[in-house]
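Open your viewer and get ready to click along. At each stop you will select something, look around, and then move on.

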Amino acid sequence: MVDQPATIGASPVAVAHASGNQGAYLPGLAMRRIAHLYPAARRPMPGTRSPVADAARSLAHTLRPVDVGDAALAELDVLAGLDDDLADEANRIANRIRGVLTGTHPALERAIGSKISHPAVLEILSRCGGPAGIAKTGRRQLTAIAKIHAPRMGEQLVEAITSALDQQTVTVPGTAAADSVLSRLADSVKTVLQQRKTVAEQLEGILQADRTAPHASGGNPRRSNASQRGSCG
């Protein structure tokens with residue numbers, strides 16, 4: 001018996017189909033109704049094999065076929081799940097960067113906080129660190145770094161950064177450590193975003209292959225499969 005054929009049960013379901021065995025599952029509502037037919041003293045716990053076995057023997061109409069699914073859809077599902085995790089991780093680290101900037105230099109956070117994930121901002125943080133490191137870098141070098149990743153807005157970004165640095169004359173405790181921390185956090189965001197780019201390319205490759213592959217139905221195989229299974233509410 002497989003409780004979740006689409007996740008942890010995908011492997012045994014695939015093995016069953018490869019062996020020529022037809023898979024089926026008992027919907028939860030039907031299983032609960034069948035379980036209530038047992039005397040209270042012998043009533044099985046939800047999820048046990050007794051209702052499923054009895055339904056397979058005498059109530060075959062309550063079972064639903066288990067399909068191994070479309071290979072492309074399965075790959076898309078796995079990659080999309082990874083992309084969701086990577087997006088959450090990128091947001092988490094970006095929020096951490098904003099938190100460090102808020103604690104050490106609020107004006108700088110206001111200037112670049114909404115653009116933390118922009119390649120130019122990440123490169124500046126990666127190479128220069130926090131407020132102290134950026135101030136030591138100098139306007140000319142900052143502009144050169146920014147324009148590589150933001151040709152149009154590079155000068156405007158540097159102007160906003162330098163103006164923000166001039167607004168705070170007090171050095172907050174922890175500013176020196178922030179240089180190292182922010183540099184590493186920026187590197188982490190860059191790595192995660194690069195992974196997302198790789199996943200996006202893989203997704204596009206699967207979709208492109210699926211669009212160009214010949215199908216006997218002459219249409220979208222996933223759409224055909226969906227029509228055969230019925231609509232999902």
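## Stop 1: Ile-206 and its partners

Start by selecting Ile-206, which sits in helix α10. Helices here are DSSP runs of H or I with at least four residues, strands are runs of E with at least two, and both are numbered from the N terminus. Before going further, note that this is a predicted model: local features need pLDDT of at least 70, side-chain atom pairs count only at pLDDT 80 or more, and totals for chains, interfaces and linings use all residues. Residues are numbered from 1 along each chain as its sequence is written, and side-chain values use heavy atoms, with hydrogens and water left out.

Is Ile-206 buried or exposed? Its relative accessibility is 15%, so Ile-206 counts as buried. The cut-offs are these: buried means under 20% relative accessible area, exposed means over 50%, and partly exposed lies in between (1.4 Å probe, protein chains only).

Now show what surrounds Ile-206. Apart from neighbours within four places in sequence, Ile-206 is in contact with Ala-72, Glu-75, Leu-76 and Leu-79; contact means heavy atoms within 4.5 Å.

Pick Ala-72 next, a residue of helix α4. Ala-72 is buried, because its relative accessibility is 14%. Ile-206 and Ala-72 are 134 residues apart in sequence, yet their C-alpha atoms are 6.7 Å apart in space. Try Leu-207 too: its C-alpha atom is separated from that of Ala-72 by 8.0 Å, with their positions 135 residues apart along the chain.

## Stop 2: Charged pairs

Side chains of opposite charge can pair when their charged atoms come close. The structure holds 6 salt bridges, each defined as a side-chain nitrogen of Lys or Arg within 4 Å of a carboxyl oxygen of Asp or Glu.

Select Arg-196 and Asp-83. They form a salt bridge, and their closest N and O atoms are 2.9 Å apart. This pair links distant parts of the chain, with Arg-196 in helix α10 (residues 175-212) and Asp-83 in helix α4 (residues 71-104), 113 residues apart. Asp-83 is buried at 16% relative accessible area, while Arg-196 is partly exposed at 30%.

For a pair inside one helix, select Arg-92 and Glu-89, whose side chains meet in a salt bridge of 2.8 Å, N to O. Why are they about one helical turn apart? Because Arg-92 and Glu-89 are 3 residues apart in helix α4. Glu-89 is partly exposed, with a relative accessible area of 29%.

Next, find Glu-123 and Lys-190, a salt bridge whose closest N and O atoms are 2.9 Å apart. Here too the pair links distant parts of the chain: Glu-123 is in helix α6 (residues 119-128) and Lys-190 is in helix α10, 67 residues apart. Add Arg-127 to your selection, and you have one network of Glu-123, Arg-127 and Lys-190, joined by salt bridges that share partners. Glu-123 is buried at 13% relative accessibility, whereas Lys-190 is partly exposed at 30%.

## Stop 3: Helix α6 and its neighbour α8

Stay with α6 and colour the whole helix. How many of its 10 residues are buried? The count is 8, so α6 is largely enclosed by the rest of the structure. Among these buried residues are Val-121, Leu-122, Leu-125 and Ser-126. Just after α6 comes Gly-129, which has a positive phi near 90 degrees.

Now bring in helix α8 (residues 139-149): the axes of α6 and α8 come within 8 Å and cross at roughly 140 degrees. Axes are lines fitted to C-alpha atoms, for helices over the stretch in contact, and angles run from 0 to 180 degrees between N-to-C directions. At that angle α6 and α8 are oblique to each other; angles under 35 degrees count as roughly parallel, over 145 as roughly antiparallel, 65 to 115 as roughly perpendicular, and the rest as oblique.

To see where they touch, select Pro-119, Ala-120, Glu-123, Ile-124, Arg-127 and Cys-128 in α6, which meet Leu-142, Ile-145, Ala-146 and His-149 in α8.

End on Thr-143, also in helix α8. Thr-143 is buried at 16% relative accessible area, and it touches Glu-155 and Val-158, not counting residues up to four places away in sequence.

## Stop 4: Zoom out

Finally, show the whole chain, with its 11 helices and 2 strands. Of its 233 residues, 33% are buried.
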